[in-house]
Every structure is written in structure tokens, then in C-alpha cells.
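Q: I would like to learn how to read helix packing and model confidence from a set of coordinates. Can we work through one example?

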Amino acid sequence: MSTVLETPARTAGPTHPPRSWAAVFALARFEARELRLNIAVLALAVLYMAWIVWQTTQRQGDFPILQNVDRDTQSMPVLIGLVVMLNVNRAALRSFRRDTDRHLDVLVVEPWRRTVAHVLSAVPVALFTAVCVAVQFTWAALKPGAVGHGSPAELAVGPLTVLLFAALGALFARRFRSVFAAPVFLVLLLFTQVFLAAPSGTDWTNWLGVVVTESGPNPLPSDLLERPAAWHALYLVGLVLFAALLAVLVSGGRSTVVKAAVAGALALTLVGVVGQSGGTPAGSTPARERASVSPEKVRECVEHGKSSYCAFPEWTGRTADWATVVDRVQNLAGGRAGSERLTVDQRLDARYGLTADTVISPSTAPGHVSVGTDWGGNRVPEFAAAVASVLVAGDEKAGTELCDARLVTVMWLALGGDPDPLSALRDVRLDDSDSGSALVLSPTEPFSMSAEQTRIVVDLLKKPQYDVAGKVKAKWTELTSPKTSLARVAEILDVPAAGKATDGDACEE
């Protein structure tokens, strides 16, 4: 008699091996490598680094304002992000274009997990962008002439932009089975930014965009910007999560956790929208009003030599640069002007917003010279011209109204001690010329030079400084008298007479 042993039947196991995130990360690493080796991404990366070097080595870049530098880091990452979006979209559609979806469906990596991998593939590019942003800002911050304070929220915009466009690329690939969806979106985005955007960032709808730089000709202290930068960064974080999770959802990842995460990301985005809905004030606020109308309440004054320099707190380190220019101009002056005590006042008008181009009215206080918040490049000879006009005319208002022969003395004082006086003359003139009549720029209102005054000044700037300085100091009283003719000034300073019999004062033109 035999005994039959029956083995109990095994229950059916899963049709796929246990799911593992290791496969997702492996696919993400592969796609990240493909993305890094893409010719367009490589070219833009090289261009990005070259642009950073060029930006930080410009003449004007020797005196960076850090609350402007942090916003300057936001433009180039948009280009990086757009290229990443197109490539992530193309990579996510690769299996569809090559008709290999049916083969991939038997793998352990489901479509929604592959979508996660495609989004993660952009992380190295986002990290590269973050490094470039940090290098650009740090390079500027380490310069001796740097002033102000940067915002971490502003610096985060660049990397977040790259991640956002990568998530959008994956979302379009899962929602639209066409390689033309992402390019069409790109065209619509550029059209919206160029033609439909408001003229300034003060409108709250502008903050629904990715980047809101709001640049103006007159930099403001960081506490007067009043930009909702932190709320905007939170808004971008919400958008990144929402786009990525929505791509996962439409790819088949319809679990309760994913749906809850999508709802949470949308809520986070809406919180950012509400927080930034006020936008940047278009005009005056109490802080801006105080800094514009009563700057003495917020400025700090320091002494350099015999003069006083009053600056906004973030600019006190720059007063030494102003003092160097003042000393250079005063060393060429004669009479009491050479030892006169001046007061340099940093002034601005923030009442009309961050992007407004405002002109500061000249001061009527004797011995007071105005200086703006920008420095370096053309701002240096412009400030020197303001100092020289105060030394000659007595106050800033009278200096801007000069039109007689005293302008020759003013311009030589301003430029005679410059290392490259003729270049400085061209920099300080509105038309960048060194002949003919032109407007001369200053921190406040410009003043006008006639063609004959320009000719005399150019001849003086070609002479050795010590030769002209002796004559200026010896004849200071006559050279700074409104009664002295231009022909007499040319005679005193040993400049050849004009070919035509005219004094050529700007007053007469």
C-alpha cells in the first residue's frame, strides 16, 4: 500500500518582482547623463560661465550693489530651464516615438515611476545652476567696493526655475503625446513675457511669472526694495511640486498619497500667490518717503580728512572712494577752495518706485555735494564735476547754472587729476564726445559746455598737470570770477586763441 503525499498548491505570487526605487534612481542617473551631454545644454553651460566672468569683470562691476546682483542671477537660468524642458520632454517621449512602450510596460518601473526619474534627471543641472548663482553672487560680494545685502530668496529663483521647467517638460510629455507641445508652450510663454507683460513689476499679475527682476537706473537700499521675494520663492516651490506631482498623477500614479500631495502642492502654490499678491509698491511708502525727504534721519556721517560724508548705512564703506575723488579735485584748487570743508550727501528719490528714473534737485546749501547710490565708471567723473562746481560756484544749484568762463576751471578741476582725463571727459558728456558743445552729466542736473569751452578744456587736459595747476592756483580769484571772459581764461592758462573772434560762452548760445 503506497501513500500519496500531496503538496499543497502555492498561492499565485506577484506578476512583477518587488518594486524598488533603485531602478528609478538608476534611470534618473542615465537620463541625467544624457541631459548633461546634450550639445545645447553644454553650449548654454559654457555660455553661462562666460557670461558670469564677463559680468564680474566689467568696469562698473568693481562696485556691485548686492541687492541688485541677486536679481541679476535670475535671467540666465531661464534659458537653461527652457532647454532642459525641451530635452526632458523629448526624453520622456522617446519610448512613444520609437514604439517601445509595450516593451517597457513589462518592466518593474511603471510609467509614473519613469516620470519621476525624468523629473529627477534635471536635478544635476539645477545644482549646476545653483553653483553658478553662488559663484556670481560671491564673486561680487568679495569685491572691495561691494555694498548692500543679497536675499537668499532671490538667489533661489534660478535653480527653482530649472526644476520648474523640467517638471513642465515631463508633464507635457505625459499629457500630450507630441514633441510639439513643449515648443508651442515655449512660444506662448515668450509671447506672454514680451507682449502681454505689464511694463513694470509693480502689478501683482507680473509675480505670477517665473522671474520679476525690476531693474532701475537708481539703485535703492535693500530695506526700500519691498519686494515679496520670500513669497515668490514659496510660490515657485509650490509650482515645481505641483507640476511634478501632476505629471506623476496623469502617468498612472493615482494613489491616495499622490492625490493628497497634489492637493498640498496646489495649496502651497496658492499661499505663495496670496503672499506675493501685493507686488512691489509702485510709489511711496513711509520708509521710501523718509529716505527721500528726510535722509538725515537714516544716514550715517563719517569724517575723511577735512570733509564729512553722509551715506545710507549700507554705503558707509564707500565713503573712502568718494573722499579720494574729493581730495583729488581739491588738491588742484586754489585759494580757500583748496582747504574748504565740504559735506558730501548721499541722496535718492525712492518715492516713485524701484524702476523710476528720477532726477535729484541740486542742493542750495553752501559746501554740500550730492552723490547717488551708483558708483564706478561714468559716475566717478560726474561726481568730480559736481565737487568742482561747488568749489567754484559755492553751492550745487549755482554750479549747475554756470555757463560762463568758469566752466573751464570747473572741468579742469574735475578731470585734470584723472588717470585718463580725455576718456573721463568723454564719459562725463552726454554724447561721449570731446569736441563741440554738449551736456555735462552730474549726480543732479546737467549743465552745458560750449564748443569753445570744450576746445580749451581739451587743450588743458593734454598739458602736464603740474604746468596747469600752478597757473590755476596763482590766478584762482580771476579764474573763478563771473566777470572774467573766456578769452582771458585762455590767455591765463596759455591756451591758443580761437580762430574766430568770440568768447564762445555757453550763456551766449
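Q: In which hand does helix 4 pass helix 10?
A: This is a predicted model. In it, helix 4 passes helix 10 in a right-handed crossing.

Q: What angle do the axes of helix 4 and helix 10 make, and within what distance do they come?
A: Two packed helices are described by the angle between their axes and the distance between the axes. Here the axes of helix 4 (residues 76-92) and helix 10 (residues 157-175) cross at roughly 25° and come within 7 Å. Angles under 35 degrees count as roughly parallel, so helix 4 is roughly parallel to helix 10.

Q: Which residues make the contact between helix 4 and helix 10?
A: From helix 4 the contact includes Pro77, Ile80, Gly81, Val84, Met85 and Val88. From helix 10 it includes Gly158, Thr161, Phe165, Leu168, Phe172 and Arg174.

Q: How do the residues of that contact of helix 4 with helix 10 divide into nonpolar, polar and charged?
A: There are 15 nonpolar residues, five polar and one charged in the contact of helix 4 with helix 10.

Q: At what angle do helix 15 and helix 16 pack?
A: Helix 15 (residues 319-330) and helix 16 (residues 379-393) pack at about 50°, and their axes are 10 Å apart. Helix 15 and helix 16 are therefore oblique to each other. Their crossing is right-handed.

Q: Which residues form the contact of helix 15 with helix 16?
A: Helix 15 contributes Trp322, Val325, Val326, Arg328, Val329 and Gln330, while helix 16 contributes Val380, Phe383, Ala384, Val387, Ala388 and Leu391. By class, the contact of helix 15 with helix 16 has 10 nonpolar residues, one polar and one charged.

Q: Now a single residue: is Pro295 buried or exposed?
A: A residue is called buried under 20% relative accessible area. Pro295 has a relative accessible area of 10%, so it is buried. Pro295 is found in the loop between helix 14 (286-293) and strand 1 (300-304).

Q: Which residues does Pro295 touch, leaving out those up to four places away in sequence?
A: Pro295 touches Arg290 and Phe312. As for C-alpha separation, Pro295 and Asp345 are 9.0 Å apart, with their positions 50 residues apart along the chain.

Q: Where does pLDDT stay under 50?
A: Where pLDDT is low, the predicted coordinates should not be read in detail. In this model pLDDT stays under 50 over residues 1-18, which have four contacts beyond four places in sequence. It also stays under 50 over residues 195-200, which have seven such contacts.

Q: What pLDDT does the protein chain average?
A: The protein chain averages 86, and 87% of the residues score at least 70.

Note on methods. Residues are numbered from 1 along each chain as its sequence is written. This is a predicted model: local features need pLDDT of at least 70, side-chain atom pairs count only at pLDDT 80 or more; totals for chains, interfaces and linings use all residues. Side-chain values use heavy atoms; hydrogens and water are left out. Axes are lines fitted to C-alpha atoms, for helices over the stretch in contact, and angles run from 0 to 180 degrees between N-to-C directions. Helices (H or I, at least four residues) and strands (E, at least two) are DSSP runs, numbered from the N terminus. Angles under 35 degrees count as roughly parallel, over 145 as roughly antiparallel, 65 to 115 as roughly perpendicular and the rest as oblique. A crossing is left-handed if the near helix is turned anticlockwise from the far one by less than a right angle, and right-handed if clockwise. Contact means heavy atoms within 4.5 Å. Ala, Val, Leu, Ile, Met, Phe, Trp, Tyr, Cys and Pro count as nonpolar, Asp, Glu, Lys and Arg as charged, and the others, Gly among them, as polar. Buried means under 20% relative accessible area, exposed over 50%, partly exposed in between (1.4 Å probe, protein chains only). pLDDT is the predictor's confidence in each residue, from 0 to 100.
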